[in-house]
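Colleague: I have the model open at my bench. Could you take a close look at the helical part with me, and tell me what lies around it?

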Amino acid sequence: MRANYLYNIEQIEDFERALGLSLVYGSAPEITYKKADEFFKTVGDWSPGPDDLYGLRGPHYFRKIRIEEGGSRACYIPDRDLVEMPKRSAFIQQDEETAAEAMYWSTLSHESIHWTGHKGRLDRLAENPFSSDYGIHYATEEIVAELGSVYLCAHLGIEKLSTHADYISSWASVLRRRTKELYLDFIDMSFQAKAAYDYLVKLKNDIEQGQDK
C-alpha cells in the first residue's frame, strides 16, 4: 500500500506564484430569499379583508392565499380559509445550515400546501383532518403538507432544511402504529403533495399572466 501526504494550500509557501495562479479566498455566497418573497407576494393576499368578503360557502372561495401575519402560531384555518403566521422575527435559526428566514419560508410553504386542500381547490380536506386527535387523516395531511413544502422550497431555492426529514418522520411514526401498508400510503401522499405544489406554481403563473379570474 502506498501512502500519500496531502497538504492544505495555506500550508504551502509561494503556491500561487509557483503555478502561476491567482486564487481569491472569500466566504460562501450569501443566501437570499428573493424568489420566495416574490412568489408569496404574488400568490398571497397579505392584507386579508373580512372572512365573509366573498363568501366561504358553496362554490365561492378565495383565489389567493389569505395570510394574516402576527399570530402566535403557524396554521391553516379551514373554516376561515386563512393561513396564520407569526412574524418573521419569531423564527430562530435551527442549526448551522438552516437560517431563521429559511424556517419562515419553509413554514409558510407548509401551510400553503394545506391551503390547497380546500374544497374549492384540490378538495383534500373534505373530512377536516385537524379536528381529529392526531389520527390517520391528521398525520396523512401533515405529511402531504411537508412533502409539498419540500417540493416548493426546492423550487424557491431553499435547501438543506433538516427539519423536513424530522417532521415527516415524526408523523410517519403515528401512521406506522395505525396502518400496515405505510409504503403504499407514502406513494399516495407523494402524489397528493406534488399535485398541491403544481397547483401553487400554476396559480402564480396564472396570476402573472392575468388568468387567475
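Modeller: Happily! Read along the sequence, the chain runs α-α-β-β-β-β-α-α-α-α, so that you can count six helices and four strands in it; helices (H or I, at least four residues) and strands (E, at least two) are DSSP runs numbered from the N terminus. This is a predicted model, in which local features need pLDDT of at least 70 and side-chain atom pairs count only at pLDDT 80 or more, while totals for chains, interfaces and linings use all residues. Residues are numbered from 1 along each chain as its sequence is written, and side-chain values use heavy atoms, with hydrogens and water left out.

Two totals set the scene. Of the 213 residues, 38% count as buried (under 20% relative accessible area; exposed is over 50% and partly exposed in between, with a 1.4 Å probe and protein chains only). Among the contacts (heavy atoms within 4.5 Å) with a separation of 6 or more, 55% join residues 24 or more positions apart.

Let's begin with helix H2, residues 34-43. Its axis and that of helix H3, residues 100-115, come within 11 Å and cross at roughly 35°; axes are lines fitted to C-alpha atoms, for helices over the stretch in contact, with angles from 0 to 180 degrees between N-to-C directions. On the H2 side, Ala36, Asp37 and Phe40 make the contact, and they meet Trp105, Leu108, Ser109 and Ser112 of H3. Threonine 42 also lies in H2, and it counts as buried because its relative accessibility is 15%. Beyond its neighbours within four places in sequence, threonine 42 is in contact with Lys64, Lys204, Ile207 and Glu208.

Now follow the chain out of H3. The loop between H3 and helix H4 (136-155) holds aspartate 123, whose phi is near 55°, a positive value in a residue other than glycine. At 43% relative accessibility, aspartate 123 is partly exposed. Histidine 118 sits in the loop between H3 and H4 too, but histidine 118 is buried, at 7% relative accessibility. The C-alpha atom of histidine 118 is 7.5 Å from that of aspartate 81, although 37 residues separate the two along the chain. Aspartate 81 belongs to the loop between strand S3 (75-77) and strand S4 (82-85). Its phi is positive, about 50°, though it is not a glycine, and it is buried, with a relative accessible area of 0%.

Back to the helices. H4 has 20 residues and reaches 29 Å from its first C-alpha to its last, close to the 28 Å expected at 1.5 Å a residue (1.5 Å times one less than the number of residues). Just after H4, glycine 157 takes a positive phi of about 80°.

Helix H5, residues 162-176, has 15 residues and reaches 21 Å, close to the expected 21 Å. Its buried residues are Thr163, His164, Ile168, Trp171, Ala172, Val174 and Leu175. Looking down the axis of H5, you find these buried residues within an arc of 165°, so they line one face of the helix; the arc is that of the directions from the helix axis to the C-beta atoms. The face of H5 turned away from that buried side carries Ala165, Asp166 and Arg176, which are exposed.
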